[in-house]
Amino acid sequence: MDHVKSLKCLICGAEYHPDAIEYVCPHHGEDGIVDVQYDYELIGRRIGPATLAENRDYTVWRYKPLLPVEPESPVPPLTVGWTPLYRADRLAAGLGLKHVWVKDEGRQPSASFKDRASVVAVVKAQERHAEVITTASTGNAGAALSAMCASVGQKNVIFLPESAPPAKVAQLLVYGSTVIMVRGTYDDAFELCAQAAKEFGWYNRNTGYNPYMSEGKKTAAYEICEQLTLTHSPLSLAGRGAGGEGWDAPDRIFVSVGDGCIIGGLHKGLRDLLALGWIKKMPKLMGVQAAGSAALYDAWRTGISAMEMQPIDAQTIADSISAGLPADRIKGLAAVRETDGVYLKVTDAEILAAIPVLARGSGVFAEPAGAAAYAGLVKAVEQGLLHPDERIVLLSTGNGLKDIASARKSVGEPLVVDKSLADVKRALTR
Ligand SMILES: *Cc1c(COP(=O)(O)O)cnc(C)c1O
Ligand SMILES: [Zn+2]
């Protein structure tokens with residue numbers, strides 16, 4: 001990994017050789033999350049918009065020279081990444097906006113954004129010859145790790161809160177993970193998983209602890225900029241020679257936030273692109289939290305630091321963004337503060353209402369946490385935060401089939417008829 005310079009502690013700034021520490025900076029217990037530092041000059045000589053335009057590997061591994069893995073490390077065979085970025089003109093028009101895209105992460109192999117992180121976890125664990133990989137999860141991170149492990153025959157143990165939706169539990173069991181359901185919250189499962197990892201020497205994928213998870217997640221930022229340039233922006237194609245010299249960035253990206261790892265990862269990806277000179281300006285990151293799990297929103301609004309945050313009792317129907325003390329709070333706060341973005345909070349009712357509106361306006365069926373990004377966009381419009389000309393990307397982070405109980409709450413009932421055309425007519429006119 002000659003392209004990785006160090007792991008830098010986000011609390012004290014200490015820098016470590018990637019082999020010198022396993023996960024966190026040893027000076028701060030479990031909290032010392034580190035950030036991977038790269039040699040951008042070296043990377044820029046190996047990869048660029050022009051070479052990428054010719055690259056037919058439509059997975060996250062098209063960006064391998066920008067990822068913290070050995071160049072020759074084998075990667076799991078499942079197709080992670082390069083999810084579609086759809087223009088959603090009706091959705092935009094409904095909000096008085098002109099340019100809205102939806103990136104459908106429900107199309108990932110395990111049907112959520114988490115595959116981007118878990119695929120990197122498996123590569124790192126196998127580089128270290130780990131026998132077992134473990135993670136705590138509200139459901140999706142576990143399902144993602146489970147799928148990636150199944151694809152390479154890697155043993156894994158997943159800790160879940162008992163509130164996890166049945167579809168996510170089913171995924172884990174079908175893929176063959178050892179599933180440990182904790183009578184407690186996600187935060188309890190996280191703590192227990194950390195203890196077990198230490199006790200048994202398992203490779204720990206936990207968000208906000210393992211520094212490589214936000215690195216996997218940053219690939220979504222690369223894709224957004226590359227896809228905007230290559231397929232959606234004739235202006236930039238004319239001006240820049242088919243994306244040969246640079247990429248377009250959107251003005252804002254809306255994403256739901258639980259632990260803060262996705263938004264932190266997006267921030268990292270965008271910082272990489274700025275450092276490489278492939279984009280010219282930093283998009284504003286718009287973090288959307290559920291009102292009942294809004295620790296990062298509160299910290300942002302009151303101006304406190306990540307280290308001052310206290311755990312809250314998180315409650316929301318959007319299980320994937322339920323986090324009492326967000327594990328990646330340092331990166332999650334910095335992502336919004338350093339991009340001049342905004343944190344927004346939306347109620348469970350607004351999240352549920354967003355599911356059918358997003359689906360009907362774009363064709364993308366999202367689980368509650370995915371639809372929350374759209375609910376946040378609605379809120380931002382209501383608060384007058386947006387200009388109609390802004391180019392806005394919404395991340396739909398998980399597939400609607402992950403939680404059909406919530407989906408059914410968001411819509412009416414089907415028409416039920418007797419076996420007669422007359423009854424169909426009656427039903428249709430009722
Ligand atoms: C994990 C997840 C999120 C939130 O990501 P964080 O890194 O925890 O902020 C949002 N949506 C879905 C579907 C998720 O699985
Ligand atoms: Zn430190």
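How far from an oxygen atom of ligand 1 is an N or O atom in the side chain of Lys217? In this predicted model, the separation between these two atoms is 3.5 Å. A further side-chain contact involves Asn140, of which an N or O atom is placed 2.8 Å from an oxygen atom of ligand 1. The backbone also takes part: an N or O atom of the main chain of Gly260 is found 2.8 Å from an oxygen atom of the ligand. Taken alone, ligand 1 exposes 380 Å², and 98% of that area is buried by the protein.

The surroundings of ligand 1 comprise 16 residues, of which Lys114, Asn140, Gly258, Asp259 and Thr397 come nearest. Asn140 thus appears both in this nearest group and in a polar contact through its side chain. With respect to the protein interior, ligand 1 is located in the largest cavity.

Ligand 2 is a zinc ion, for which the protein donors are the SG atoms of Cys9, Cys12 and Cys25 together with NE2 of His28. These donors lie 2.0 to 2.3 Å from the ion. The angles among the 4 donor atoms are 99 to 117°, and the site is tetrahedral. Along the sequence, the donor residues follow the spacing C-x2-C-x12-C-x2-H.

Solvent accessibility was evaluated for two of the zinc donors, Cys25 and His28. Cys25 has a relative accessible area of 0% and is therefore classed as buried. His28, by contrast, has a relative accessibility of 21% and so counts as partly exposed, given that the buried class is confined to values under 20%.

Definitions and conventions:
Residues are numbered from 1 along each chain as its sequence is written. Chains are lettered from A and ligands numbered from 1 in the order in which they are written. This is a predicted model: local features need pLDDT of at least 70, side-chain atom pairs count only at pLDDT 80 or more; totals for chains, interfaces and linings use all residues. Side-chain values use heavy atoms; hydrogens and water are left out. Donors are N, O and S atoms within 2.8 Å of the metal (3.2 Å for Na, K and Ca); water is not among the atoms, so sites may look incomplete. Four donors count as tetrahedral if all angles lie between 85 and 135 degrees; four count as square planar and six as octahedral if opposite donors are over 155 degrees apart and all others between 65 and 115; anything else is irregular. Buried means under 20% relative accessible area, exposed over 50%, partly exposed in between (1.4 Å probe, protein chains only). A residue is near a molecule or strand if one of its heavy atoms lies within 4 Å of it. A polar contact is a pair of N or O atoms within 3.5 Å; within protein, one must be able to donate a hydrogen and the other to accept it, and residues adjacent in sequence count only if both atoms are side-chain atoms. Accessible areas come from the Shrake-Rupley method with a 1.4 Å probe; for residues, only the protein chains shown count as cover. On a 1 Å grid over the protein atoms alone, a cavity is a set of points where a 1.4 Å probe fits but cannot get out, and a pocket is an open set with protein on both sides within 12 Å along at least five of seven lines; lining residues have an atom within 4 Å of a point. A molecule sits in a cavity or pocket if more than half of its atoms lie within 2 Å of its grid points.
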